[in-house]
Every structure is written in C-alpha cells, then in structure tokens.
Amino acid sequence: MTVHQSSGKPDTVYFFGTCIIDLFYPRAGLAGMELLKRHGLRVVFPPGQSCCGQPARNSGYLDEARAVALQQIDSFPQDWPIVVPSGSCAGMMKTHYPDLFEGRPEHAKAVAFSQRVYELTDFLVSVLQVKLEDKGEPVKVTWHGSCHSMREMGVVDQPKELLRQLSNVTLIENPREKECCGFGGTFAVRQPEISAAMVGDKVAALEETGASEVLSGDCGCLMNITGAMDKAKKPMGGRHIAEFLLERCK
C-alpha cells in the first residue's frame, strides 16, 4: 500500500462510486472525492467499476453476483484503499465477497480485496484522523445510520464524530436510529406495504427531533426517506454527509 513516509497514511486511494450515487446523487460522490483530495490524497476512479453485486446476491442470483464481484475486483488492481461513500455497498464488498467465493479459486483474491474496503466516514476518522473547521451558519441536523453500515461495517460513531467537530452544528439524536428505514434495496420492491410502514415510522421519528435536515452515509436510505418526506410534504431535507461536510468546510 502506498503511504506517506512521514505519517504512515496512504497517499493514493480508489473511490467506488456506487450505482445510486452515479445515477441519482452524483454530487455526493463528487463531494466525497473532494473531501479526500483536500486531505492530501490522490483519488483514482476506475472507469471499469459498476455495481457491487448486492442486488443480484440479495435476489438469490449468486452466479451473476460473482460475475459482477469479479469485475470490481479486477477494476481495483493496485494495493490502495478502496473508499466507498455507502455502508451498504461497502458491506457487500467487505463482508460478502469472501463468502461468495468460499471454496473457489478466486477466494484469496476476494479476501485481499475485501481487506482494502473502507466506508467513507470511517476512513476520514480512523485512517486520516481529519480535523474539520466549521465555516457555516448555525444549524440543527439529525443522523440516519443504515443497517449495513452499522451492522456490517461497524460505522456508528464515526460520522457523528465528524459532525460534532463542527462548532455551529447541533446534532440531535434520532430516537429510532437503529431501526431500518424500509428500503433494503429489493425489499422495498418485494414488500412495498411493509416498507412504506417502516419509512413512515422513520420519518415520524426524524420529524420529532426538530432538525432541519437528516444526513446519512447511504443514498439508498436517503432516496427512500426523502421520497416519503416529499410525498407527505414534510419540510425537512436530506443529504449525504459528504455534501454537508464539504459545504460546511469551504
């Protein structure tokens, strides 16, 4: 792994953009890359990357998931960290790639790949140890942590640590933070009534906080939550944390 000789930190990273960011939230991806660049890193975006393979795996199409996973593994050949602005996609690559190839010739390659995967906020806190200076106006926000981010990547406190560095930002805890928003990728399609009820509970809890905006590290969750808010004509907005941090620290 290429590192700064003085600090032991990497000087080059890969960035995995994710499908939802590519198609619906490109500003979140650009903001994530800019945050990394501002902390002295060279950011490489392999053009051959595509989906992480989670939709195929979750739907039971394991051969198709393996084909997609191998494309990602081959698209990130250098021994550089792979930073992902999504706990869900990061969880797929870090936790499930080794399982997909258990007992197969590609297993060792999948394991080596998975060990280089980091969720964005965890990388900013745990590896880069960033210190942020707030240049924005006073604002109240709340946080939504995705299921995969919390349970597969262990990302719970890292994004909040970043937000609490911002002197003009008041972080109000979400009383139902550990509950799923109801998206779950293919779950929202297969079980729309249950999904709608879950996101309704989530929106009500977020509204209780009195925050003006909900932040998250997963755009799938944001798409579900803000879609429900828009339909119910709620005033609260929602953004990926990378966009928020970049705006506050300009």
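The residues lining the largest cavity divide into three nonpolar, six polar and two charged. This comes from a predicted model, so keep that in mind as you explore the structure above.

Which residues form that lining? They are Gly87, Glu119, Thr121, Trp143, Gly145, Ser146, Ser149, Val155, Pro159, Gly217 and Asp218. The cavity they surround has a volume of about 40 Å³, and the structure holds one cavity of 30 Å³ or more. If you wonder how such a space is found, rolling a probe the size of a water molecule over the atoms shows where empty space is left.

**A strand between two partners**

Trp143, one of the lining residues, brings us to strand E5, which covers residues 139–144. Is this strand largely enclosed or left open? Five of its six residues are buried, so E5 is largely enclosed by the rest of the structure.

Two other strands pair with E5. Strand E6 (residues 169–172) is joined to E5 by four bridges, and the two run parallel. In this pairing, Lys140 stands opposite Thr170 of E6. Strand E7 (residues 213–216) is also joined to E5 by four bridges, again in parallel. Here His144 stands opposite Ser216 of E7. As you trace these strands, remember that in a regular strand the side chains alternate between the two faces of the sheet.

**Two buried loop residues**

Loops can hold buried residues too, and Val130 and Asn174 are examples. Val130 is found in the loop between helix H7 (120–127) and E5. Why does Val130 count as buried? Its relative accessible area is 5%, and buried means under 20%. Leaving aside residues up to four places away in sequence, Val130 touches His39, Leu124, Leu162 and Gln165. Val130 and Leu35 are 95 residues apart in sequence, but their C-alpha atoms are 9.9 Å apart in space.

Asn174 sits in the loop between E6 and helix H10 (186–190). With 5% relative accessibility, Asn174 counts as buried. Its contacts, again not counting residues up to four places away in sequence, are Thr142, Trp143, Lys202, Ala205, Leu206 and Thr209. Two of these names, Thr142 and Trp143, belong to the stretch 139–144 of strand E5.

**Aromatic rings in a cluster**

Now to the rings. A pair of aromatic rings is described by the distance of the centres and the angle of the planes. How many aromatic pairs does a search of the whole structure find? The search finds six. Two of them are set out here.

| Pair | Centre to centre | Angle of planes | Arrangement |
|---|---|---|---|
| Tyr14 and Phe76 | 5.0 Å | 80° | edge-to-face |
| Tyr97 and Phe113 | 5.6 Å | 25° | stacked |

Tyr14 lies in strand E1 (residues 12–15), while Phe76 lies in the loop between helix H4 (62–75) and strand E3 (82–84), so this pair ties together parts that are 62 residues apart in sequence. Tyr14 and Phe76 are buried.

The stacked pair, Tyr97 and Phe113, links distant parts of the chain as well: Tyr97 is in helix H5 (residues 87–100) and Phe113 in helix H6 (residues 107–114), 16 residues apart. Both of these residues are buried.

Which residues do ring pairs link into a cluster? The members are Tyr14, Phe16, Phe76, Trp80, Tyr97 and Phe113. Try finding these six rings in the structure above.

Definitions and conventions:
Residues numbered from 1 in each chain as written. Predicted model: local features only at pLDDT ≥ 70, side-chain atom pairs only at ≥ 80, totals over all residues. Heavy atoms only, no water. Buried < 20%, exposed > 50% of the residue type's maximum accessible area, 1.4 Å probe, protein only. Pairing = 2+ DSSP bridges. 1 Å grid on protein atoms, 1.4 Å probe; cavity = no way out; pocket = protein on both sides within 12 Å on 5 of 7 lines; lining within 4 Å. Points joined across faces, edges and corners; volume = space filled by probe spheres on them. Nonpolar A, V, L, I, M, F, W, Y, C, P; charged D, E, K, R; others polar. Contact = heavy atoms within 4.5 Å. Phe/Tyr/Trp six-rings, centres within 6.5 Å; stacked < 30°, edge-to-face > 60°.
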